[in-house]
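I opened my notebook with a simple plan: pick a few places, look them up one by one, and write down what I find. Come along if you like.

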Amino acid sequence: MKIGILKEIAPYEKRVALVPSIVKHLVQDNHAVYVQSGAGQTSFADDEAFRQSGTEVLPSAAAVCDRAEVLLKVQPPRTPDELALLKAGGHYIGFLSPFTDVDTIRAMARMNMTVFSMEMVPRITRAQSMDALSAMATVAGYKAVLLAADQIAKFMPLLMTAAGTITPANVLVLGAGVAGLQAIATAKRLGAAVEAFDPRPVVKEQVESLGARFVEMPMPEDTETEGGYAKQQSDAFLKQEQDVIAQRLPKVDIVITTAQIFGKPAPELITAEMVRLMRAGAVIVDLATEQGGNCALTELNRTVTAHDVTIIGAGNLPSLVPVHASQMYAKNISNLFTHLYQTGGFDFKDEITQSTCLVHDGQIKNALVDEALKTKGNA
Ligand code: NAD
């Protein structure tokens with residue numbers, strides 16, 4: 001196949017879809033790779049490194065789109081101009097915000113494209129090496145703690161000094177999936193006292209194995225979907241959870257929130273009133289900001305202060321670690337590419353192909369996304 005890589009144009013986006021070390025393997029497998037000049041600049045992979053890996057570097061996005069049969073991207077097409085570059089009938093793999101960016105998906109269907117979404121890689125063992133959401137959540141969980149550590153006016157670890165003993169910072173992590181577990185591990189490495197909560201019972205042991213305390217509360221019964229994601233909780237449970245969180249808030253310096261229900265708005269775990277309960281100088285980093293936020297006061301891509309508490313609506317943290325985030329993403333997307341294109345045609349009976357394919361032959365192929373498109377009306 002002829003594979004194209006574009007320079008990402010979304011604001012703040014520093015990742016690139018393929019890195020030279022991964023391109024090498026694709027070229028060995030007899031694929032041709034075309035990259036737009038400067039595509040790797042913000043992740044420190046220059047044109048020369050791409051050339052040495054066997055890539056042909058082309059001067060413009062238009063030249064890449066013209067030559068490529070399949071485009072590998074990080075961000076969805078962001079502007080009408082970027083969308084207009086895509087070839088009718090062409091193939092595309094990347095993040096596509098399938099539940100929110102419905103107009104782009106409809107436009108790609110009208111262009112008769114074949115489109116695969118990185119968000120829809122199923123959480124099954126066979127697809128782990130393609131699971132970019134998990135890879136990026138790992139980056140985000142790590143970076144969230146560093147942002148918080150930078151923002152609080154305190155040390156993170158216990159320090160015993162001649163000037164007295166400094167007690168460790170208290171960190172509360174809400175939601176202990178991929179991002180949450182990485183946040184716990186990172187905060188522990190920095191020496192903080194960490195506690196965490198997640199309604200899925202299996203998580204307790206994982207939290208404790210990282211040396212954090214699991215916040216106890218009555219657990220709901222039916223918590224996990226077959227796809228490995230959390231189920232939506234009742235309003236009664238959320239109220240009960242807010243009460244338990246409210247008891248913790250006066251004691252914590254940092255809250256990292258990562259609670260999500262896949263494809264749904266984020267549950268509100270910290271109301272505006274609850275922020276008042278926190279210590280002056282405390283910090284909330286809300287990773288669920290793109291789904292509306294776990295804190296009522298979170299604003300997407302903004303840092304706001306309320307009642308002396310800093311609330312960071314951290315939208316694209318992987319982009320702040322562009323070298324390793326690109327490396328991990330490139331591995332994920334090349335594994336999905338190889339899986340999809342290993343035989344002559346697509347096998348829509350295969351769970352990975354079926355789940356990731358959003359559009360083929362002008363049709364919306366994914367039932368969940370089709371439902372979301374219908375809910376948002378027919379444009
Ligand atoms: P995940 O599905 O692995 O984890 C989410 C966790 O939230 C699950 O363990 C789930 O049980 C838990 N949860 C659900 N309802 C809850 C509740 N009421 N209280 C506490 N926990 C609850 O997801 P993930 O991959 O770890 O991603 C977590 C969040 O981080 C998502 O919102 C995702 O979009 C976001 N994220 C943000 C960035 C960024 O840069 N801002 C990057 C990657 C991921």
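**Entry 1: the open sheet**

I began with the strands, and I found eight of them forming an open sheet with mixed pairing, in the order β3-β2-β1-β4-β5-β6-β16-β17. I kept in mind that I am reading a predicted model. Which strands sit at the edges? I noted β3 (56-58) and β17 (363-364), since each pairs on one side only.

Next I looked up how β17 is held to its partner. Strand β16 (residues 357-360) pairs with β17 in the antiparallel sense, over two bridges. I could place one pair of residues there: H360 stands opposite Q363 in β17.

**Entry 2: two residues with a positive phi**

Between β16 and β17 there is a loop, and D361 lies in it. I checked the backbone of D361 and found a positive phi of about 55 degrees, although D361 is not a glycine. That caught my eye, because most residues other than glycine have a negative phi. Is D361 buried or exposed? I wrote down exposed, because its relative accessibility is 55% and the cut-off for exposed is over 50%.

I then turned to N301, which is not a glycine either and has a positive phi of about 60 degrees. I found N301 in the loop between β13 (283-286) and β14 (303-306). With a relative accessibility of 43%, N301 counts as partly exposed.

**Entry 3: a histidine in a helix**

I moved on to H339, which has its place in helix α11 (residues 322-341). Why does H339 count as buried? I worked it out from the value: the relative accessibility of H339 is 15%, and buried means under 20%. I also listed what H339 touches, leaving out residues up to four places away in sequence: R126, M130, D350, I352 and T353.

**Entry 4: strand β10 and its partners**

I wanted to follow one strand in both directions, and I chose β10 (residues 193-197). I noted that β10 is mostly covered, with four of its five residues buried.

Strand β9 (residues 170-174) pairs with β10 in the parallel sense over five bridges. Here I found V171 opposite V194 in β10. I also followed the chain through β9, α7 and β10, which make a right-handed β-α-β unit.

Then I looked for the link from β10 to strand β11 (residues 213-214), and I found two bridges between these strands, which run parallel. Which residue of β11 is the bridge partner of E195? I wrote down R213. Another right-handed β-α-β unit is made by β10, helix α8 (residues 203-209) and β11.

**Entry 5: α7 meets α6**

I came back to α7, which I had met in the unit with β9 and β10. How do helix α6 (residues 132-151) and helix α7 (residues 178-189) cross? Their axes come within 7 Å and cross at roughly 35 degrees, and the crossing is right-handed.

I listed the residues that make this contact. On α6 they are S134, A137, T138, G141, Y142, V145 and L146, and on α7 they are V178, A179, Q182, A183, T186 and A187. I sorted them by class and got eight nonpolar, five polar and no charged residues.

How values were computed. Residues numbered from 1 in each chain as written. Predicted model: local features only at pLDDT ≥ 70, side-chain atom pairs only at ≥ 80, totals over all residues. Heavy atoms only, no water. Axes fitted to C-alpha atoms, helices over the stretch in contact; angles between N-to-C directions. Left-handed = near helix turned anticlockwise from the far one by under 90°. Contact = heavy atoms within 4.5 Å. Nonpolar A, V, L, I, M, F, W, Y, C, P; charged D, E, K, R; others polar. Pairing = 2+ DSSP bridges. Buried < 20%, exposed > 50% of the residue type's maximum accessible area, 1.4 Å probe, protein only. Right-handed = clockwise from strand over helix to strand, strands pointing away.
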